[in-house]
Amino acid sequence: MEGGVMRAVSIDALHRSEGAKLQRFLRRTLGNSADAADAAQETYLRLVRAITTTDLEHPRVFLFHIARNVAATLAKRRRFETSLFQSMTDLDLTQIADSQARVEAQIIAREQLRLVAASIDRLPPRCREVFLLSAFEGLPNGAIALRLGISQRMVEKHIAKAVLDTYQRCRDFF
């Protein structure tokens, strides 16, 4: 038990005596404080694992050896990430965003169209027929009345009902 306490105390003492130097070393090596902080944390974690299996004669030397390895690994990872995403930054990001927005707009438009079509399909047959002649064939109300043998007033009522029903069924989507 005392060995476990001794190790914890020696790591704590090492951290107090070398922590600031380690941070400066990692900041110089990696070029920024955030990566240096991550590397320092990883260094101490590796040191703790090593101490549980090995007795160290020169813990300070070993600490900085681990730090160099951690910094090298982190630097390689950052270079890889940079090269991986470099091609993305070379692209015109507004073009990608515009393209994505167009795709989303198309999907939304298709959904709206499906909703409107389903709403029109639910209309009573004569009402649906009048509405389709007006909205999609562009026939004036008088021509629809003549074609279907109904009054122009009835055509107007069917169109009003169709528009109102369609609006009520689709209003949450528009």
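The pLDDT is the predictor's confidence in each residue, on a scale from 0 to 100. The structure shown above is a predicted model, and its protein chain has a mean pLDDT of 82, with 83% of the residues reaching 70 or more. This confidence varies from element to element: helix α1 (residues 2-30) has the lowest mean pLDDT among the elements of the chain, at 77, and helix α6 (residues 141-148) has the highest, at 94. Over residues 1-9 the pLDDT stays under 50, and for these residues the model has 3 contacts beyond four places in sequence.

The overall architecture may be described next. The protein chain contains 7 helices and 0 strands, so that, in the notation used for such elements, the order from the N terminus on reads α-α-α-α-α-α-α. Of the 174 residues in the chain, 24% are buried. Among the contacts that join residues at least 6 apart in sequence, 57% link residues at least 24 apart.

Helix α7 may be taken as a detailed example. It comprises the 19 residues 152-170, which at 1.5 Å a residue should span 27 Å; the C-alpha atoms at its ends are 27 Å apart, in agreement with that expectation. The buried residues of α7 are Val-155, His-158, Ile-159, Ala-162, Asp-165, Thr-166 and Cys-170. Seen down the axis of α7, these buried residues fall within an arc of 135°, and therefore they line one face of the helix. An α-helix has 3.6 residues a turn, so residues three or four places apart point the same way. On the other side of α7, Arg-153 and Tyr-167 are exposed.

What does the buried face of α7 meet? One of its residues, Thr-166, offers a partial reply: leaving aside neighbours within four places in sequence, Thr-166 is in contact with Val-116, Ser-119 and Ile-120. Thr-166 lies in helix α7 and has a relative accessible area of 10%; because the cut-off for a buried residue is under 20%, Thr-166 counts as buried. Cys-170, also among the buried residues of α7, has a relative accessible area of 2%.

Helix α5 (residues 125-135) can be read in a similar manner. Its buried residues are Cys-127, Val-130, Phe-131 and Leu-133. They cover an arc of only 165° around the axis, which puts them on the same side of α5. Cys-127 is buried at 1% relative accessibility.

The two cysteines mentioned so far, Cys-127 and Cys-170, are both buried. A disulfide is a covalent bond between the sulfur atoms of two cysteines. A search of the whole structure finds 0 disulfides.

Charged side chains form another set of links, and the structure holds 9 salt bridges. Two of them lie within helix α7. The side chains of Arg-153 and Glu-156 meet in a salt bridge, with N and O 3.7 Å apart; both residues lie in α7, 3 residues apart, which is about one turn of the helix. Arg-153 is exposed, at 53% relative accessibility, whereas Glu-156 is partly exposed, at 33%.

Asp-165 forms a salt bridge with Lys-161, and the closest N and O atoms of this pair are 2.9 Å apart. Asp-165 and Lys-161 are separated by about one helical turn, because they stand 4 residues apart in helix α7. Their surroundings are described by their accessibility: Asp-165 is buried, with a relative accessible area of 15%, while Lys-161 counts as partly exposed at 36%. Elsewhere, salt bridges that share partners join Glu-18, Lys-21 and Arg-60 into one network.

A further pair belongs to helix α2 (residues 33-53), where Glu-42 and Arg-46 lie 4 residues apart, about one turn of the helix. Their side chains meet in a salt bridge of 2.9 Å from N to O. Glu-42 is partly exposed, with a relative accessible area of 27%, and Arg-46 likewise counts as partly exposed, at 31%.

Note on methods:
Residues numbered from 1 in each chain as written. Predicted model: local features only at pLDDT ≥ 70, side-chain atom pairs only at ≥ 80, totals over all residues. Heavy atoms only, no water. Helix = DSSP H or I, 4+ residues; strand = E, 2+ residues; numbered from the N terminus. Expected span 1.5 Å × (residues − 1). Buried < 20%, exposed > 50% of the residue type's maximum accessible area, 1.4 Å probe, protein only. Arc of directions from axis to C-beta. Contact = heavy atoms within 4.5 Å. Salt bridge = Lys/Arg side-chain N within 4 Å of Asp/Glu carboxyl O. Disulfide = S-S within 2.5 Å.
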